[in-house]
Amino acid sequence: MDTFSLLEREWRGFAAHVLQAGARTAIDVGCGRGALSGALALHGRLQTIGYDWSEAAVAVARGSLSHPLLSFETHDFGMPVRPTGVQPGAVDIVCCRFVLQYLDLPAFIANARCLLRPGTGTVYVLTQVREEMAKHARGGEGLPRAVIAELRGAWPAAPVWPLTRRGEVVAVALGDPRRAGS
Ligand SMILES: C[S@@+](CC[C@H](N)C(=O)[O-])C[C@H]1O[C@@H](n2cnc3c(N)ncnc32)[C@H](O)[C@@H]1O
């Protein structure tokens, strides 16, 4: 799957469901080459830090994307340690694009809740749906439907929308109903 061309389609849903007026800061968990991080800074005008545990990925992202609002750092989100550069309760948007399947779900939710701005912060998850991938694409990658439902159930507001025609890839915005526009 070409994650760069997907990003063009993805941005409209992100702007409608996630990017609210007043949002200033974002982090991109498991940013890889930094495609989404770059869009957050460039199009969303968000102060953005892209994190990946791979030093090689961070080096590629740093070498290919440059913007005054953008930086990249190494961090392992499997560790119970706060990433450098962010304060608890100060992040408007936590992004997790094609990464959640590699992380411990309860630990990720706990970390995200701690970092997010209370009341208005949003977690953005983009994931393949395992059952749909098995049916329509090669392999059974991504999160099972039941895990996506469990994730959505842990948040007061959790709209989900498809990114592909047959629903192999979905986006979810996890937040609080007090968010503007929810
Ligand atoms: C499928 S790639 C997605 C990259 C990017 N988010 C995108 O959409 O193109 C998954 C990324 O998650 C990173 N990753 C996996 N486990 C991680 C962890 N525990 N902490 C930080 N990054 C992790 C990998 O190094 C890889 O770059």
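I began at the β6 end of the sheet in this predicted model, where I found valine 160 standing opposite valine 172 in β7. The two strands, β6 and β7, run antiparallel and are joined by three bridges. I then followed the chain between them and noted that β6 and β7 form a hairpin with six residues in between, and that glycine 167 in the turn has a positive phi of about 80°.

I looked next at β7 itself, residues 169-174, and recorded that the strand is mostly covered, with five of its six residues buried. For its pairing with β5 (residues 122-128), I counted six bridges in the antiparallel sense, and I noted threonine 127 opposite valine 170 in β7.

I then traced the whole sheet, which is open and made of seven strands in the order β3-β2-β1-β4-β5-β7-β6, with mixed pairing. Because β3 (70-74) and β6 (160-162) stand at the edges with a single partner strand each, one side of each is left without a neighbour in the sheet. I entered an average twist of 20° from one strand to the next.

Turning to β1 (residues 25-29) and β2 (residues 47-52), I found that these strands run parallel and are joined by five bridges, and that isoleucine 27 has isoleucine 49 in β2 as its bridge partner. My last entry concerns helix α3, residues 55-64, which packs on the sheet and touches β2 and β3; the direction of helix α3 makes about 165° with that of β3.

Technical notes: Residues numbered from 1 in each chain as written. Predicted model: local features only at pLDDT ≥ 70, side-chain atom pairs only at ≥ 80, totals over all residues. Pairing = 2+ DSSP bridges. Helix = DSSP H or I, 4+ residues; strand = E, 2+ residues; numbered from the N terminus. Axes fitted to C-alpha atoms, helices over the stretch in contact; angles between N-to-C directions. Contact = placed C-beta atoms within 7 Å. Buried ≥ 20, exposed ≤ 12 C-beta atoms within 10 Å, placed from the backbone.
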